[in-house]
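Student: I have a structure open and want to talk it through. Can we go over it together?

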Amino acid sequence: MKNKFIILLFVICNCLQSSTGGFAGSSYKYGSNARQIALSNSLIANQNTGYSALTNPALLGSIDKLEFGFSYFDMSLDRYIQTLSITIPSPPIASIGLSTYILGTNDIPGVTSGNSPTGFYNAWEGYVMLSFGINFGNFSPGINFKALQNRIASYSADGVGLDLGFLYSISNNIQLAAMFENLYTKYSWDIYDGSNTISYDEKFPLTILGGISAKINDKNLFLYQIDYIADYEICIHKIGLEITFGNIEYRIGLNNKNNELNYSLGFGTPIFKTINNFNIGLDYAMDIGKINEGMSHLFTFTFFK
């Protein structure tokens with residue numbers, strides 16, 4: 001039974017993490033919303049309407065109006081990602097964020113250690129997150145608290161997580177940011193193999209992020225971010241460019257993940273505005289996918305005043 005679980009876990013993790021790496025929590029690095037993905041996840045130092053808590057909790061400090069973000073990504077290989085984020089202002093200098101992030105894969109073929117088929121399985125993992133951000137003028141700190149769960153067929157694990165973020169405004173056009181992601185984050189597994197219960201912790205590696213956002217003018221934005229995964233000594237550089245023409249923001253991102261030059265594309269546009277200035281926005285990103293993985297079209301809706 002234990003061998004069966006290990007093989008099943010290996011197959012499912014490869015499906016979930018096919019675009020993100022191979023360590024605990026790497027599937028969450030894919031991105032939570034279309035704008036973030038189109039800009040190659042380089043937004044740590046820039047406001048991300050509806051999704052600031054899931055980008056960097058320090059961004060919450062400067063939000064003074066209610067914001068919502070909703071994404072449902074129906075992806076290739078029977079994968080999906082569902083996210084919801086709500087930002088609630090707490091005047092005069094703080095905001096609170098409530099968020100969920102769920103991802104999974106359906107119809108995964110399982111095999112035993114003898115390579116005999118055992119049927120098809122579903123797997124998902126996700127978290128509920130409470131975030132706080134405070135604005136002290138040019139400097140803003142923020143913190144995330146996460147309650148995690150992971151389910152693979154009939155097996156499950158619970159966990160907790162903690163992130164810490166900072167934002168510093170040099171001017172109205174330039175911001176610097178840093179974040180310590182997964183300061184303390186882990187899954188705790190309890191697996192019954194038919195005769196014994198096997199318990200172990202699956203720890204997430206600490207990731208240190210740094211970034212800068214610079215407004216080239218009122219309509220164009222340049223982004224740079226570096227992610228350092230300390231336990232694996234992996235360094236990922238990310239660049240994003242957002243150019244506005246009319247009511248549409250065109251986006252492109254580049255990164256060197258997996259020692260390859262990867263690019264991403266997308267756009268954002270307002271789609272509805274009420275007489276009391278309640279806005280609904282649409283963001284789109286195109287995931288090219290790896291070889292034989294297939295292309296995915298990703299959409300996010302944002303609601304804000």
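Tutor: What follows is a short chat about confidence, empty spaces, cores and a few single residues.

Student: What sort of model is it, and what is the average pLDDT?

Tutor: This is a predicted model. The protein averages a pLDDT of 88. Of the residues, 91% score at least 70.

Student: Where is the pLDDT below 50?

Tutor: Over residues 1–20. In the model, that stretch has 51 contacts beyond near neighbours in sequence. Where pLDDT is low, though, the predicted coordinates should not be read in detail.

Student: OK, on to empty space. How big is the largest pocket?

Tutor: Its volume is about 970 Å³. The lining has 46 residues. Nearest the centre of the pocket lie Arg35, Asn46, Gln47, Thr49 and Glu249.

Student: How does the lining of that pocket divide by class?

Tutor: There are 27 polar, 10 charged and 9 nonpolar residues in the lining of the largest pocket.

Student: And cavities? How many of 30 Å³ or more?

Tutor: The structure has 2 of them. The largest cavity holds about 380 Å³ of space.

Student: Which residues lie nearest the centre of the largest cavity?

Tutor: Tyr28, Lys29, Gln36, Leu54 and Glu181. They belong to a lining of 33 residues. By class, this cavity's lining has 15 nonpolar, 12 polar and 6 charged residues.

Student: Which elements supply at least two residues of that lining?

Tutor: One helix is on the list, helix 3 (52–55). The strands are strand 4 (117–134), strand 5 (139–152), strand 7 (174–181), strand 10 (207–215) and strand 11 (220–229).

Student: Switching to packing. Which residues have the most contacts inside the largest nonpolar core?

Tutor: Tyr28, Tyr30 and Tyr101, in a core of 30 residues. Helix 2 (34–38), helix 3, strand 3 (94–111), strand 4, strand 5, strand 6 (155–169) and strand 8 (186–192) each give two or more residues to this core. There is also a second, separate core of 8 residues, with Ile44, Leu59, Leu167 and Met179 among them.

Student: Tyr28 has come up twice. What does Tyr28 touch?

Tutor: Leaving out residues up to four places away in sequence, Tyr28 touches Tyr101, Leu103, Glu125, Gly126, Tyr127, Leu148, Tyr187 and Phe204.

Student: Now Ser32. Where is it found?

Tutor: In the loop between helix 1 (2–16) and helix 2.

Student: Is Ser32 buried or exposed?

Tutor: Ser32 is buried, because its relative accessible area is 2%, and the cut-off for buried is under 20%. Setting aside neighbours within four places in sequence, Ser32 is in contact with Tyr51, Leu54, Ser71, Phe73, Thr83 and Tyr101.

Student: What about Ala34?

Tutor: Ala34 lies in helix 2. Ala34 counts as buried because its relative accessible area is 0%. Beyond residues up to four places away in sequence, its contacts are Phe73, Asp283, Tyr284, Ala285, Leu298, Phe299 and Thr300.

Student: How far is Ala34 from Tyr101?

Tutor: Their C-alpha atoms are separated by 14 Å. Along the chain, Ala34 and Tyr101 are 67 residues apart.

Student: Ala285 is on the Ala34 list. What is 4.1 Å from Ala285, C-alpha to C-alpha?

Tutor: Gly266 is, and the two are 19 residues apart in sequence. Gly266 sits in strand 14 (residues 262–273). Gly266 is buried, at a relative accessible area of 10%. Residues up to four places away aside, Gly266 touches Ala38, Glu249, Tyr250, Arg251, Tyr284 and Ala285. Glu249 also lies among the residues nearest the centre of the largest pocket.

Student: Now backbone geometry. Where is there a cis peptide bond?

Tutor: Between Pro91 and Pro92, with omega about 10°. Pro92 is in the loop between strand 2 (79–90) and strand 3.

Student: Why point that out?

Tutor: Because most peptide bonds are trans, and most residues other than glycine have a negative phi.

Student: Then which residues have a positive phi without being glycine?

Tutor: Asn182 is one of them, with phi about 65°. Glu233 is another, with phi about 50°.

Student: Where do Asn182 and Glu233 sit?

Tutor: Asn182 is in the loop between strand 7 and strand 8. Glu233 is in the loop between strand 11 and strand 12 (234–245).

Student: Buried or exposed?

Tutor: Asn182 counts as buried, at 10% relative accessibility. Glu233 is exposed because its relative accessible area is 66%, and the cut-off for exposed is over 50%.

How values were computed: Residues numbered from 1 in each chain as written. Predicted model: local features only at pLDDT ≥ 70, side-chain atom pairs only at ≥ 80, totals over all residues. Heavy atoms only, no water. Helix = DSSP H or I, 4+ residues; strand = E, 2+ residues; numbered from the N terminus. Buried < 20%, exposed > 50% of the residue type's maximum accessible area, 1.4 Å probe, protein only. Contact = heavy atoms within 4.5 Å. 1 Å grid on protein atoms, 1.4 Å probe; cavity = no way out; pocket = protein on both sides within 12 Å on 5 of 7 lines; lining within 4 Å. Points joined across faces, edges and corners; volume = space filled by probe spheres on them. Nonpolar A, V, L, I, M, F, W, Y, C, P; charged D, E, K, R; others polar. Core = buried A, V, L, I, M, F, W, Y, C linked by side-chain atoms within 4.5 Å. pLDDT = per-residue confidence, 0-100.
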